Amino acid sequence: PKRPNIVFILADDLGYGDLGCYGQEKIQTPNLDRMAAEGMRFTSCYAGSTVCAPSRSCLMTGQHTGHTEVRGNKLVPLRPEDVTVAEVLKGAGYHTSLIGKWGLGEPESTGIPNRQGFDAFYGYLNQRHAHTYYPEYLWRNGEKEALRNVEVKYNVAETRLDYSHDLFAEEALGFLESHQHDPFFLYLALTIPHTNNERGRETGDGMEVPDYGVYADRDWPDSQKGHAAMISRMDRDIGRFLEKLNDLGLDEDTIVFFTSDNGTHKEGGAKPEFFQSSGPLRGIKRDLYEGGIRVPGIVRWPGHVEAGTVNDTPWAFWDFLPTAAALAGAAVPEGVDGINMLPTILGKPEEQAVRDYLYWEFHEGGFKQAIRKGDWKAVRPGTKDAIEIYDLRSDLGETKDLAAAHPEKVAEAERIFTAARTPSADWPTPGEVGKKK
């Protein structure tokens, strides 16, 4: 097909079960449900990691957490030699823009968006700064743009007038108006429904939202009203964005991806069990069980992606770069772990490349690793923990550890856990401390 515009919408801490089209019964998400009905809904879409920064690094570089530069939430920037999807698409003639949360480079560092292939950037650089929805400023390219909010403590605002999500939504609509005649790549990295951790510690409720909307009269704790209201607000604005595409005649010329950077959280008063936010999956954010890394994944491209399809083919964030390159007719840089998922998206499974395994590692509270190989999942939950083995085909909730019955799977996982990663001075495994890259 003709080279399309490419839009990647990323929610923040949205659980696998937080949308109606994934089984949610309490939170209203009509626009994302409709997006799924008009496109392809993936049931085995995987985030790059179980927290934000490494997940976004995987998305941008096409590398999994055994190779990408950012493998945890420590403030490590992308390097000049890291090639991002924005650079690939910019080189193919696309206008590239990021609206929202970055988290891969502090001010003046090598990792800021404008040094990593983005023509324009509006939002948060620092992932901790992104906790607040009422910041005193946002970044526009390399300059701070003042807002009307006034903070009394870090990320705790007393004067709350400019809600950052609403600003991002309006910026995205304006972007479509300004670039409707250009081939464009828009990375819309929303912060909903991440909690404001700092305000949560002050008040017990970090689910920061201007109003509770249709949930105001529910007999729920305020933090749960806020959680639901945030997701429905995001859904509303994604609906406005898709409607704008239609109004501008860009529907059939634009492929839109929607997903989340990791599983649901239990912070700032949020209670995953209240909404069953992980659905049938075990675990939440910071786990390498399915609930921490398996996320909603919807792709919509009218006239090209068959409406109403549900697909269980596993894919992960590092697949986005080669997929976007295929859409743009661009070359894939060396060192990429992902594969082009376009054949699956276009309903041509016979043309789809098959991978050997998916790999994750996580550096926080110890060293954790996981792989998925076919329907088999291996998890090392902590530095000194034994490897656990699960059969996802018969045990999606990872309730039965089969390691004792399948020592060959344990041995295979051990080999992959060693082979799948390169040493990193910033992210050493136990025993690697002091080693250089």
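The turns below ask how some labels on this predicted model are justified.

Me: Why is Cys52 called buried?
Reply: Its relative accessibility is 6%, and buried means under 20%, so Cys52 meets the label.

Me: What makes Cys58 buried as well?
Reply: Cys58 has a relative accessible area of 0%. That value is under 20%, so Cys58 counts as buried.

Me: How do you know that Cys52 is in no disulfide?
Reply: A disulfide needs two cysteine sulfur atoms within 2.5 Å. The count for the model is zero disulfides. For Cys52 the nearest cysteine sulfur is that of Cys58, 12 Å away, so the pair fails the cut-off. Cys58 is in no disulfide either, its nearest cysteine sulfur being that of Cys52.

Me: Why is Glu81 called exposed, and why is Arg79 called partly exposed?
Reply: Exposed means over 50% relative accessible area. Glu81 has 53%, so Glu81 is exposed. Arg79 has 26%, which lies between the 20% and 50% limits, so Arg79 is partly exposed.

Me: What makes the contact of Glu81 and Arg79 a salt bridge?
Reply: The N to O distance between their side chains is 3.7 Å. The cut-off is 4 Å, so the pair qualifies. By this rule the model has 38 salt bridges.

Me: How do you know that Arg71 and Glu361 form a salt bridge, and which parts of the chain does the pair link?
Reply: Their closest N and O atoms are 3.4 Å apart, which is within 4 Å, so the rule is met. The pair links distant parts of the chain, with Arg71 in the loop between α2 and α3 and Glu361 in strand β14, 290 residues apart. Both Arg71 and Glu361 are buried.

Me: What makes Glu361 and Arg421 a salt bridge?
Reply: The N to O distance is 2.7 Å, and the limit is 4 Å, so Glu361 and Arg421 count as a salt bridge. Arg421 lies in the segment after α11, 60 residues from Glu361. Glu361 and Arg421 are both buried.

Me: Why are β14 and β17 said to stand at the edges of the sheet?
Reply: The sheet is open, with four strands in the order β14-β15-β16-β17 and antiparallel pairing. β14 (358-363) and β17 (388-391) each have a single partner strand, so one side of each is left without a neighbour in the sheet. From one strand to the next the twist averages 15°.

Me: How do you know that β14 and β15 pair?
Reply: Pairing requires at least two bridges. β14 and β15 (residues 367-373) have six, in the antiparallel sense, so they pair. In one of the bridges, Phe362 has Lys368 in β15 as its partner. Helix α11 (residues 407-419) packs on the sheet and touches β14, β15, β16 and β17, its direction making about 115° with that of β15.

Me: What makes a set of residues a nonpolar core, and how many residues has the largest?
Reply: The members are buried nonpolar residues joined through side-chain atoms within 4.5 Å. The largest such core has 65 residues, and Ile345 and Phe257 are among those with the most contacts inside it. Helix α9 (residues 320-328) gives the most to this core, with six residues. Ile345 touches residues including Met40, Phe42, Val299 and Thr323. Another core, of 51 residues, lies apart from the largest one and includes Tyr133 and Leu138.

Terms used
Residues are numbered from 1 along each chain as its sequence is written. This is a predicted model: local features need pLDDT of at least 70, side-chain atom pairs count only at pLDDT 80 or more; totals for chains, interfaces and linings use all residues. Side-chain values use heavy atoms; hydrogens and water are left out. Buried means under 20% relative accessible area, exposed over 50%, partly exposed in between (1.4 Å probe, protein chains only). Helices (H or I, at least four residues) and strands (E, at least two) are DSSP runs, numbered from the N terminus. Axes are lines fitted to C-alpha atoms, for helices over the stretch in contact, and angles run from 0 to 180 degrees between N-to-C directions. Contact means heavy atoms within 4.5 Å. Lists of a residue's contacts leave out its neighbours within four places in sequence.
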